[in-house]
Amino acid sequence: MQLIIESVAETQKTSLAAVADFTDNYLLIVERMAQLHIEVSRTAFEQSAELALLYLQGGLSADKMGLWNTGLQSGIEQF
């Protein structure tokens, strides 16, 4: 009887160790995926902000040139 109890206890100990290892590895994977998601989101935000800034600067430059050309054509400088 004692041999059976010891065998069951050893089996449970081995199973718990396997579950603990699996859980640790799973948590590491989830943590890494979260880090990658944050990095990808940050990169996408930075790139979209840079593009918006370029478009904004380009649009303002085009507007200034348009106003300058209109002012010169009418003979009155407008800004």
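Here a student and a tutor talk through a predicted model of one protein chain.

Student: What makes the pair of Phe 22 and Tyr 26 stacked?

Tutor: Start with the distance: the ring centres are 6.2 Å apart, and rings pair if their centres lie within 6.5 Å. Next comes the angle: the planes sit at 20°, and planes under 30 degrees apart count as stacked. So this pair is stacked. A search of the whole structure turns up 1 aromatic pair.

Student: Where in the chain do Phe 22 and Tyr 26 lie?

Tutor: Both belong to helix H1, which covers residues 2-74. They're 4 residues apart, about one turn of the helix. The chain has 1 helix and 0 strands.

Student: Why is Phe 22 called exposed?

Tutor: Its relative accessible area is 57%, and exposed means over 50%. Phe 22 is therefore exposed.

Student: How do you know whether Met 1 is buried or exposed?

Tutor: Use that cut-off again: exposed means over 50%. Met 1 has 76% relative accessibility, so it counts as exposed. You'll find Met 1 in the segment before H1.

Student: Which residues make the nonpolar surface patch?

Tutor: Met 1 joins Ile 4, Ile 5 and Val 8 there, and the patch is about 450 Å².

Student: How much of the protein chain is buried?

Tutor: Buried residues are 1% of the 79 residues. As for the accessible surface, the chain has about 7,300 Å², with 67% of that belonging to carbon and sulfur atoms.

Key: Residues numbered from 1 in each chain as written. Predicted model: local features only at pLDDT ≥ 70, side-chain atom pairs only at ≥ 80, totals over all residues. Heavy atoms only, no water. Phe/Tyr/Trp six-rings, centres within 6.5 Å; stacked < 30°, edge-to-face > 60°. Helix = DSSP H or I, 4+ residues; strand = E, 2+ residues; numbered from the N terminus. Buried < 20%, exposed > 50% of the residue type's maximum accessible area, 1.4 Å probe, protein only. Areas by Shrake-Rupley, 256 points an atom, 1.4 Å probe, with all protein chains shown as cover. Patch = residues over 30% accessible without salt bridge, like charges linked within 9 Å, V, L, I, M, F, W, Y side chains within 5 Å. Salt bridge = Lys/Arg side-chain N within 4 Å of Asp/Glu carboxyl O.
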